[in-house]
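Here are my notes on this one, jotted down while going through it. Have a look at the structure first, then read on.

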Amino acid sequence: MDASAPTHTAADYAAFLQQQLATQPHNVMAHVLGDEQIWIKRAGAPHGMGRYRAMAALAALLRLDALRPVPNPGGPAAIATEVQRLRDLAARGIRVPVVLAALPHGFAMRHLGHTGEEIHSLGNEIDHAVQAGDTAAVLALWQQGLDTLTQVHHRGTCLSQAFARNLVRCPDGEVACIDFEDDPAAVLPLAVCHVRDALCYAHSTAIYLHASGTLTEGRERWAAWVAQGSEEMRAVLATSVRRMGWMRNLPTNRKLGRDLQRVRAAYDLLAQG
């Protein structure tokens, strides 16, 4: 988050937001207002519900509540959800982009880095550590993601899609959370939401543990993390992992594509022997 003090009033942000919503060519764009970098997100087209019905059918077939879809209607409804969630998470002490102004068709938020400074997702940073052969950094960064989930869950809430791409590293090295167009807790029990976060994080990161040769230690850390969860969360996760047992038959190489390789690596992390 930019260390400099804000130099604009709420009215300045609101006026700038209104102007840019009418003129910016893309739905999400960075702008500089004075000495501040801000992002403006404009409502996209409403989403169809067909893909959610298909996902619901798959979740029912596999008997996995954590895979039940969380509808994102798109349009102004998604903007309202994201603004509400960002404000709620910030009020709970969770690092997220600061909402500067909001209108029905879009909102403005402060850049998580300094003006003009690019920030990277946790997923990208772990991948870079893998490529550099720095196994200590791989585990440290991966643990940061787990610690972020712990903080979120202990404060009585959940993320939306807890993939490593939606966790970003700020200039001070701390992790912030982004992308909140849906609200899992509005449609799922909180324990299921926590398992959903866990599965998303495992799916997006276990492949890095596998590639760096740190899966064994990663599994030990995962077990310790799970042990900190609520009894209900642990029960839902254990049931989910049992019902995903068929994943052990997936190949570990890239023969069936990177996505299935990620699924298999995640199962190897989750199964615990």
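1. Before the helix pair, a word on terms: "contact" or "meet" here is heavy atoms within 4.5 Å. Also keep in mind that this is a predicted model.

2. Start with helix 5 (residues 135-154) and helix 6, which pack with their axes 11 Å apart and at an angle of about 180 degrees. Angles over 145 degrees count as roughly antiparallel, so helix 5 is roughly antiparallel to helix 6.

3. What meets what in that pair? From helix 5 the list includes Val138, Leu141, Trp142, Gly145 and His153; on the helix 6 side, Asp197, Tyr201, Thr205 and Tyr208 are among the residues they meet. By class, the contact has ten nonpolar, six polar and one charged residues.

4. Now the largest nonpolar core, which has 63 residues. Ile126 and Trp222 touch the most other members. Helix 6 (residues 190-212) gives this core its largest share, 13 residues. Another core, of ten residues, lies apart from it, with Tyr13, Leu33, Leu100 and Ala101 among its members.

5. Ile126 deserves a click in your viewer. Leaving out residues up to four places away in sequence, Ile126 touches Val138, Leu141 and Trp142, plus Tyr201, Thr205 and Tyr208. Those six names also turn up where helix 5 meets helix 6.

6. Last, the strands. Strand 1 (residues 28-33) and strand 2 (residues 36-42) run antiparallel and are joined by six bridges; one pairing puts valine 28 with lysine 41 in strand 2. The two strands form a hairpin with two residues between them, and glycine 34 in the turn has a positive phi of about 65 degrees.

How values were computed
Residues are numbered from 1 along each chain as its sequence is written. This is a predicted model: local features need pLDDT of at least 70, side-chain atom pairs count only at pLDDT 80 or more; totals for chains, interfaces and linings use all residues. Side-chain values use heavy atoms; hydrogens and water are left out. A nonpolar core is a set of buried Ala, Val, Leu, Ile, Met, Phe, Trp, Tyr and Cys residues joined through side-chain atoms within 4.5 Å. Buried means under 20% relative accessible area, exposed over 50%, partly exposed in between (1.4 Å probe, protein chains only). Helices (H or I, at least four residues) and strands (E, at least two) are DSSP runs, numbered from the N terminus. Axes are lines fitted to C-alpha atoms, for helices over the stretch in contact, and angles run from 0 to 180 degrees between N-to-C directions. Angles under 35 degrees count as roughly parallel, over 145 as roughly antiparallel, 65 to 115 as roughly perpendicular and the rest as oblique. Ala, Val, Leu, Ile, Met, Phe, Trp, Tyr, Cys and Pro count as nonpolar, Asp, Glu, Lys and Arg as charged, and the others, Gly among them, as polar. Two strands pair if DSSP finds at least two bridges between them.
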